[in-house]
Structure formats: C-alpha cells, structure tokens
Amino acid sequence: MSTRSYYEILEVETTASDSEIKRAYRKLAMMYHPDKNPEGAELFKDISHAYETLSDPQKRAAYDRYGSEKPQMHDPYGDFYDPYDMPDMQDLHDMFGNLGGQGYDHRGRRPPQPEMHTLDLTLEELFKGKKMRIKLTRSVPCKSCKGLGGKSEVLKTCVECSGSGTKTATRQVGPGFLSQMQVKCDACKGSGKVIPEKHRCRRCKGKCVADESDTIEIVIKPGSSNGDEIRFPGKGDQDPRMPARDLVFVVKETAHSYISRYGPHLVASWEIDLADALCGFSRDLFVNIDGCALRVTHSGCLSSDDVLRLPGQGMVSKDTGRRGDMFIKFTIRFPDKKKWRPDVDKLRALLPESKWKRFDSEDAKKLSDVSAQTIARDGFDKLIRSEQEHARRNNNSDRYEDMGSHGQPECTTQ
C-alpha cells in the first residue's frame, strides 16, 4: 500500500465533497485499470482502497481521525479496545477541569457513538424523493427494574472489578513490550454492581435492558445526494447509564446502467448507428430518471468526440428545486462488416474526398505493396499483454512498453 494519504492518491483536497471524490476515482480508475494499463495494477489497488474508505461517511470520519492504521486489540475479557480512542489535550482539560461537563459523563466517558445505517437508493428515487416507514427494535433500560437488573436493595458490589466497572488488561504489543489498558468489566457490564441470579428482574433477566419496538418515518428529499445523512436523535440503543444513541441513515447512490451523476448534472452514454452519426437523427433514445422518454433531435454530422447538451434534463436541486442539464456522450456503431455490402463508388462520391500523400523516390528507396488483415481489438490487447509479460520475464521490460500505451485508432470525420 502506498505511503501517500488517501486524499493524495485520489488527487483531491481533504475538504473534497462526495461527488468530487467519486469523480476523481472514476477518472483515475479508467486511467490505471489493469485491462487498459497493466503497469498500473498496483496503483489501481491503492486507488480502489482509497475510494472504498473515503466514499463511506463512517469510514472517512474514522480515517480523518486515525489515519489508515487503526488497530483493534482484543483483550482477554472479550471486549475490543481501541488504543486510539483517547482524548486529546483539550479533551483531557475538559474532562478533568469540568468533570461531568459537556462532552463527557460524570465518569469521564465519551457520549455514545451514533448507529449508522446505509440506505441504497437509485437515481430515480433520489430525483423524486421517497418516504419510508421502518419498524425497528432497540434496547432501552428495562422499565420493570429501572435498568438495575433487579431490586436495588439486593445489588452487590462486583468482586471482579471492586465496583469500578473496569479491569486492567495486559497485552503484548511487541517483543519484550507489554501494554496495559482499561477495559469494561464483563462480569457487571461496566456498572460496578451485580445481582444474585435468584433476585434478577424477570423481564430482562438481569441484563438491565429490554427490547422496545418503534416505527420511524424516513423522508428522502428530492435531489438528495450520496452521503447525505438523516438523523433521529435518541432513537438508537440505550445503555442504562448513558443517553440513547442517535440513529443515522446515510444515503448511498446505487450505480445506474447508463447514467452518471455529477452534482446537478447527469451524463449518459449511448450508442448510435453510423448513418445517424453522419446524417443526423430524431429518435427516442432512452427513458430519463424522471420517467420521461427523451426524443432527441440533432442535425448534421456527429463524431465520437462530440457531447450533446440537453438543458433542464438533469438532476433536481435539493435546495432550489431547479434541474441541471443532461449530457450525452456517444459511441458510433459501425455496420456488420460481414453483412454490409455497400456500393463503394457511390458511397465515396457522397463522402468528402480522401487526401493521401504519395511517396516518391526522395521519400523512400522502394515501395512495398502490403495487404492488411483485420484482428479484433481484444485479440490485439491480449497479444500485447503476452509480449509485455514475456519481456518482463526476460528482464527486458522496456522493449514493448510503448506499444501497450498507444491509443487505439478511431474513426474521424474529414
């Protein structure tokens, strides 16, 4: 893995938006994909790993705080201890200077982290907006025993932790190095108190919490973007000694088969026939994300480098309600060469005259008359990769390096 940061790998700023990160990833992935650039296989892995982290709001937040290495150490008592989950100097000042103040409870603990869930939504759903009612079950302090696990008069101090709620666990972190850490006591679940089995609450069986059913309505506003959050304060699980966790749903845009989103704009990739590219067309191309079929009219010649712009056919803005534009990129479909038998003379008479240079004796010593053969593009790519691999095995990696990097020939208009 590269020593560069994920932001450096994707060539974006640390303040980059989700759409900027997605756009950078697509650009670099196309450039370094092993099928197109075998030499970029390792870099492609780094790019994919960086995007996997930065495209997930929860993973990105963790990366921004901890970096790429965030070890989780398993202690002998069954809990996971995060050695980086330590307060910084300002946190320590707040904790000890104002014990129980904002940011920490009376025991100096951080408030509970929110519960994060992903909502997979299509472009069509993000365009129109959506309402969902979800039934959920969450843990809340048992009402029968008020979160104590039993009657208060039978509570006893936990002998495992002497009532502190924590234990000291020792773990080897390197040859000759031991690390001590405080972990939650598994006997009393961090409460410092235990209750004899015969006196435990009948409803929660001494667990201090019970399940509670609830229904929430999630409203996805039209024009919502990948990474948007819908937060429900206090709707998550709750420990008896802590406030309830927030419930957070994160929007995740699923890939569309032929449309990509770039902020308020949409980009579609479509294929047209050679006749349409040369003569113009008026055709029903595809159904847009608003459910309307797009009948597109274009006059004149269209090359594979041209992009058509359809004003007001893009994504709706969540803030203004206005729509962006739709852009269409084309690939030209040539006739089946095995079936198409054109009148070559008539066709040449209609097309612009081809201008070719003829070589004379001053340009070359002699003329070689060569008959060309057609091979499939994937066959050519396979041949080049085979030769590159052969050259690498023979310590001659530069021999065919340039051949694989040449762009493929394209049809251009004259």
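Two strands are taken to pair if DSSP finds at least two bridges between them. In this predicted model, strand 12 and strand 13 (residues 265-273) are joined by 4 bridges and run antiparallel. One of the pairings can be followed at the level of single residues: Arg261 has Leu266 of strand 13 as its bridge partner. The hairpin that these strands form has 2 residues between the strands, and Gly263 takes a positive phi there, near 65°.

Strand 12 (residues 259-262) is also a good place to look at side-chain directions. In a regular strand the side chains alternate between the two faces of the sheet. Here, Ile259 and Arg261 point to one face and are buried, whereas Ser260 and Tyr262 point to the other face and are not buried. Arg261 thus appears twice in this picture, as a buried residue of strand 12 and as the bridge partner of Leu266.

Turning to another part of the chain, an open sheet is formed by 3 strands in the order 3-11-10, with mixed pairing. Strand 3 (115-121) and strand 10 (229-232) each have a single partner strand, so they stand at the edges and one side of each is left without a neighbour in the sheet. From one strand to the next, the twist averages 25°. Strand 3 and strand 11 (residues 247-253) run parallel and are joined by 7 bridges.

Within strand 11, Val251 is worth a closer look. Val251 is the bridge partner of Leu119. Its relative accessibility is 2%, and because buried means under 20%, Val251 counts as buried. The C-alpha atoms of Val251 and Thr118 are separated by 6.1 Å, although these residues lie 133 residues apart along the chain. Beyond its neighbours within four places in sequence, Val251 is in contact with a set of residues that includes Leu119, Leu121, Leu126, Ile220 and Ile230. Ser225, Asn226, Gly227 and Asp228 are also among the contacts of Val251.

The helices offer a packing example of their own. Helix 2 (residues 18-32) packs against helix 3 (residues 41-54) at an angle of about 165°, and their axes are 10 Å apart. That angle makes the two helices roughly antiparallel. Helix 2 contributes Ile21, Lys22, Tyr25, Leu28, Ala29 and Tyr32 to the contact, and helix 3 contributes Ala41, Leu43, Phe44, Ile47, Ser48, Tyr51 and Leu54. By class, the residues of this contact comprise 11 nonpolar, 1 polar and 1 charged. The crossing of helix 2 past helix 3 is left-handed.

Key:
Residues are numbered from 1 along each chain as its sequence is written. This is a predicted model: local features need pLDDT of at least 70, side-chain atom pairs count only at pLDDT 80 or more; totals for chains, interfaces and linings use all residues. Side-chain values use heavy atoms; hydrogens and water are left out. Axes are lines fitted to C-alpha atoms, for helices over the stretch in contact, and angles run from 0 to 180 degrees between N-to-C directions. Angles under 35 degrees count as roughly parallel, over 145 as roughly antiparallel, 65 to 115 as roughly perpendicular and the rest as oblique. A crossing is left-handed if the near helix is turned anticlockwise from the far one by less than a right angle, and right-handed if clockwise. Contact means heavy atoms within 4.5 Å. Ala, Val, Leu, Ile, Met, Phe, Trp, Tyr, Cys and Pro count as nonpolar, Asp, Glu, Lys and Arg as charged, and the others, Gly among them, as polar. Buried means under 20% relative accessible area, exposed over 50%, partly exposed in between (1.4 Å probe, protein chains only).
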